[in-house]
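User: Please take a close look at one part of this structure, a single helix and the surroundings against which it packs. I should like each technical term explained as it arises.

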Amino acid sequence: MSVWKLLSAKAHGVADFGSAGALIAVALLVGGSRAAVVTGIVLGATLVVVSLLTDYPLGLFKVVPFVVHSAGDYLGAAALIAAPFVLGFDDSDSGLTAFYVLVGLSLVAVSVVTDYGDPAREQHAADLV
């Protein structure tokens with residue numbers, strides 16, 4: 001699902017955990033309606049869990065193939081972009097709406113440039129055999 005293979009699996013992991021932390025922290029620090037805050041916390045926590053389960057350098061349990069993780073990135077990005085409008089907080093929480101849309105677009109950008117056949121990840125898999 002990658003167009004350009006510019007970003008390593010490790011760098012992708014850093015982006016995942018950074019995005020997750022930012023989603024949770026900004027939601028809690030900025031505040032807003034219950035729906036707006038819960039959206040950031042739930043989607044950020046989901047990204048942490050999926051990342052910990054992913055078979056890439058920063059994954060802890062390595063049970064989700066990295067390519068499958070990429071599909072989750074696109075799904076999560078779509079959820080971030082759509083949530084403010086679907087849940088109806090786009091008018092009342094415009095700051096969080098803009099932030100979620102930007103993070104969603106950033107997740108798409110990271111996914112488009114990630115090398116899902118990253119040799120560092122493949123070497124780790126070979127070491128397990």
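Analyst: From the N terminus on, the elements of the chain run α-α-α-α-α, which amounts to 5 helices and 0 strands. Helices (H or I, at least four residues) and strands (E, at least two) are DSSP runs, numbered from the N terminus. The model is a predicted one, in which local features need pLDDT of at least 70 and side-chain atom pairs count only at pLDDT 80 or more, while totals for chains, interfaces and linings use all residues. Residues are numbered from 1 along each chain as its sequence is written, and side-chain values use heavy atoms, with hydrogens and water left out.

The part chosen here is helix H4, residues 94–113. H4 has 20 residues and reaches 29 Å from its first C-alpha to its last, close to the 28 Å expected at 1.5 Å a residue; the expected span is 1.5 Å times one less than the number of residues.

Within H4, the buried residues are Leu96, Thr97, Tyr100, Val103, Gly104, Leu107, Val110, Ser111 and Val112. Buried means under 20% relative accessible area, exposed over 50%, and partly exposed in between, with a 1.4 Å probe and protein chains only. Of the 129 residues of the chain, 33% count as buried. The buried residues of H4 pack against H1, helix H2 (34–53) and helix H3 (66–86); contact means heavy atoms within 4.5 Å.

Two packed helices are described by the angle between their axes and the distance between the axes. Axes are lines fitted to C-alpha atoms, for helices over the stretch in contact, and angles run from 0 to 180 degrees between N-to-C directions. Helix H1 (residues 9–30) packs with H4 at an angle of about 175 degrees, and their axes are 11 Å apart. H1 is therefore roughly antiparallel to H4. Angles under 35 degrees count as roughly parallel, over 145 as roughly antiparallel, 65 to 115 as roughly perpendicular and the rest as oblique.

On the H1 side, this contact involves His12, Ala15, Ser19, Ala22, Leu23, Val26, Ala27 and Val30, which meet Leu96, Phe99, Tyr100, Val103, Leu107, Val110 and Ser111 of H4. The residues of the contact of H1 with H4 divide into 12 nonpolar, 3 polar and no charged. Here Ala, Val, Leu, Ile, Met, Phe, Trp, Tyr, Cys and Pro count as nonpolar, Asp, Glu, Lys and Arg as charged, and the others, Gly among them, as polar.

One residue on the H1 side, His12, is buried, with a relative accessible area of 0%. Leaving aside neighbours within four places in sequence, His12 is in contact with Leu7, Tyr56, Phe66, His69, Asp73, Val110, Ser111, Thr114 and Tyr116.

Thr97, found in H4 itself, is buried with a relative accessible area of 8%. A polar atom of the Thr97 side chain lies 3.5 Å from the backbone oxygen of Phe89. With neighbours within four places in sequence left aside, Thr97 is in contact with Pro84, Phe85, Phe89 and Asp90.

Two of the helices against which H4 packs, H2 and H3, also form a pair. Their axes come within 11 Å and cross at roughly 175 degrees, so H2 and H3 are roughly antiparallel to each other. Thr39, Leu43, Leu47, Val50 and Ser51 of H2 make the contact with His69, Asp73, Ala79, Leu80 and Ala83 of H3. The residues of this contact of H2 with H3 divide into 6 nonpolar, 3 polar and 1 charged.

Definitions and conventions:
A polar contact is a pair of N or O atoms within 3.5 Å; within protein, one must be able to donate a hydrogen and the other to accept it, and residues adjacent in sequence count only if both atoms are side-chain atoms.
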